[in-house]
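Here is a short report for someone meeting this structure for the first time. Keep the sequence and the 3D view at hand while reading.

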Amino acid sequence: MSAYKSDFLNVLASRGFIHQVSEPEALDALARQSTITAYIGFDCTAPSLHVGSLLPIMMLHWLQQTGHKPVPLMGGGTTRVGDPSGKDESRRLLTDEVIAENLRSIREIFGRFLHFGDGKTDAVMANNADWLNALNYIDFLRDIGRHFSINRMLSFDSVKLRLERQQELSFLEFNYMILQAYDFVELYRRYGCVLQMGGSDQWGNIVNGIDLGRRLHSAQLFALTSPLITTSSGAKMGKTAAGAVWLNADQVSPYDYWQYWRNTEDADVARFLKLFTVLPLDEIERLAALKGAEINEAKKILATAATAMVHGQTAADEAAATARTTFEEGGLGSSLPTVEVPRAELEASIGVLAAFVKAGLAASNGEVRRAIANNAILVNDVRVTDDKAMIGEADVTAEGVVKLSLGRKRHVLLKPV
């Protein structure tokens with residue numbers, strides 16, 4: 001049982017979100033007595049966030065649900081620099097135009113989790129480019145830089161790791177922790193923000209902001225970090241053999257997203273239900289008690305609930321129905337990922353190797369050959385044993401598609417147009 005008295009910290013603790021809290025008693029008391037404003041920073045390095053960003057998004061969701069004000073901070077300014085935390089090498093620098101486009105695309109996902117507006121607990125989306133891009137460098141060094149000790153900065157794990165591995169750490173990246181601390185103080189000034197949350201690898205950066213706030217404004221600021229989530233087998237969240245599990249539907253379809261959660265390891269089901277859905281804890285306890293084949297029902301509930309959070313209930317239900325049709329009834333699910341091919345190509349026939357690469361089920365012909373050798377390639381549910389096999393007009397089903405399968409869990413429909 002949680003020892004916290006505020007709804008906010010009690011919910012986070014009971015669902016497994018808390019790794020460390022600075023001055024927990026004081027933050028707990030503040031959260032009981034008043035509406036607190038808290039922020040988490042998000043990069044704009046890609047057009048979409050991925051599953052690895054879900055944990056902080058859910059923290060902001062629960063913050064708002066328990067009566068407080070969330071500020072998702074878009075790193076329009078810091079994305080121009082690069083955060084060295086947890087990185088082995090320098091990040092590719094992006095143009096301002098690419099960052100702006102990424103930011104526009106990312107904004108949409110937050111509307112699924114947060115309510116934005118002008119009310120006391122309505123979310124506000126901030127962008128640190130608003131203050132960082134206008135900084136006068138000399139003034140910034142004089143007013144802010146003098147509060148930071150190089151000796152202390154060199155002691156942070158994010159810096160030590162790079163130096164120990166002899167990976168170059170640019171002066172640009174070294175400045176990142178100062179900019180992040182400044183963000184905290186700027187958000188305190190603009191929005192009364194007193195809490196920064198993030199992954200456990202951000203603890204040092206957040207504490208820098210607390211220290212800067214005290215020095216500049218005698219402010220009492222707080223840090224709360226979440227554990228870095230890995231699967232029971234040690235794999236990093238949000239990564240699969242096919243690549244990152246993006247939250248935007250145009251990069252990972254709702255069906256593939258549903259399948260990602262459906263394939264959760266047995267030992268992770270209860271933990272992921274707590275972290276990535278809003279199901280009540282007593283319902284999660286009931287699902288966690290399921291054993292053997294019944295655990296698959298809990299996985300389907302996890303998959304549908306997690307998909308509904310990102311893509312909406314209709315898309316989640318369609319994905320679940322498609323999976324049921326595809327796996328349990330041996331049919332063709334309507335929301336399976338579909339790749340269009342010119343009808344003329346099918347009339348002339350496509351090699352099975354090229355077809356699976358075109359469908360995105362494999363990265364190379366060699367990968368398809370190995371899968372054929374492992375009896376993992378099927379066309380219209382018929383196993384392919386010859387790597388010279390062709391797919392033609394005759395393979396188009398009554399539904400007007402050709403079903404390509406890699407193993408039992410990955411399927412794509414080829415649709416002639």
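Trp-261 is buried, and Phe-276 is buried too. This is a predicted model. The ring centres of Trp-261 and Phe-276 lie 5.1 Å apart, with planes at 50°, so the pair counts as tilted. The pair links distant parts of the chain. Trp-261 sits in helix H12 (residues 254–262), and Phe-276 sits in helix H13 (residues 269–276). They are 15 residues apart.

Tyr-260 also pairs with Trp-261. Here the planes stand at 80°, so the pair is edge-to-face. Both Tyr-260 and Trp-261 are buried. The table sets the two pairs side by side.

| Ring pair | Centre distance | Plane angle | Type |
|---|---|---|---|
| Tyr-260 and Trp-261 | 5.2 Å | 80° | edge-to-face |
| Trp-261 and Phe-276 | 5.1 Å | 50° | tilted |

The count of aromatic pairs comes to seven. Ring pairs also tie residues into a cluster, made up of Tyr-257, Tyr-260, Trp-261, Phe-272 and Phe-276.

**Helix H12 and the cores**

How many of the nine residues of H12 are buried? Seven are, so the helix is largely enclosed by the rest of the structure. The buried residues of H12 are Tyr-255, Tyr-257, Trp-258, Gln-259, Tyr-260, Trp-261 and Arg-262.

What does Trp-261 touch, leaving aside its neighbours within four places in sequence? It is in contact with Val-51, Leu-54, Met-237, Phe-272, Phe-276, Lys-299, Leu-302, Ala-303 and Ala-306. Trp-261 also belongs to the largest nonpolar core, which has 97 residues. Phe-8, Met-197, Leu-224 and Trp-261 have the most contacts inside that core. Another core lies apart from it, with 22 residues. Among them are Leu-361, Ala-371, Ile-377 and Leu-404. In soluble globular proteins, nonpolar side chains tend to be buried together.

**The six-stranded sheet**

One open sheet has six strands, in the order S1-S6-S5-S2-S3-S4. Its pairing is mixed. Strand S1 (20–21) and strand S4 (126–127) are the edges, and each pairs on one side only.

Strand S5 (residues 193–199) pairs with S6 in the parallel sense, over five bridges. Gly-198 has Thr-225 in S6 as its bridge partner. Gly-199 is matched in S6 with Ser-226. S5 also pairs with strand S2 (residues 37–42), again in the parallel sense, over three bridges. In that pairing, Tyr-39 stands opposite Gln-196 of S5. Is S5 enclosed or open? Seven of its seven residues are buried, so S5 is largely enclosed by the rest of the structure.

**The five-stranded sheet**

An open sheet of five strands runs in the order S9-S15-S14-S11-S12, also with mixed pairing. Its edge strands are S9 (338–341) and S12 (382–383), each pairing on one side only. Strand S11 (residues 377–379) and strand S14 (residues 402–406) run antiparallel and are joined by three bridges. Within this pair, Ile-377 is bridged to Leu-406 of S14. Ile-377 is also among the residues of the core of 22.

**Cysteines**

How many disulfides does a search of the whole structure find? It finds zero. Cys-44 is in no disulfide, and the nearest cysteine sulfur is that of Cys-193, 17 Å away. Seen from Cys-193, the closest cysteine sulfur is in Cys-44, too far for a bond. Cys-44 has 0% relative accessibility, so it counts as buried. Cys-193 has 1%, so it counts as buried as well.

**Thr-231 and its loop**

Thr-231 lies in the loop between S6 and S7. Buried or exposed? Thr-231 is buried, with a relative accessible area of 14%. Leaving aside neighbours within four places in sequence, its contacts are Met-237, Glu-265, Asp-268 and Arg-271. Thr-231 is 182 residues from Leu-413 in sequence, and the two are 30 Å apart in space, C-alpha to C-alpha.

**Confidence**

The protein averages a pLDDT of 87, and 92% of the residues score at least 70. Which elements mark the lowest and the highest mean pLDDT? Strand S7 (residues 239–240) has the lowest, at 66. Strand S6 (residues 222–226) has the highest, at 98.

Terms used
Residues numbered from 1 in each chain as written. Heavy atoms only, no water. Phe/Tyr/Trp six-rings, centres within 6.5 Å; stacked < 30°, edge-to-face > 60°. Buried < 20%, exposed > 50% of the residue type's maximum accessible area, 1.4 Å probe, protein only. Helix = DSSP H or I, 4+ residues; strand = E, 2+ residues; numbered from the N terminus. Pairing = 2+ DSSP bridges. Disulfide = S-S within 2.5 Å. Core = buried A, V, L, I, M, F, W, Y, C linked by side-chain atoms within 4.5 Å. Contact = heavy atoms within 4.5 Å. pLDDT = per-residue confidence, 0-100.
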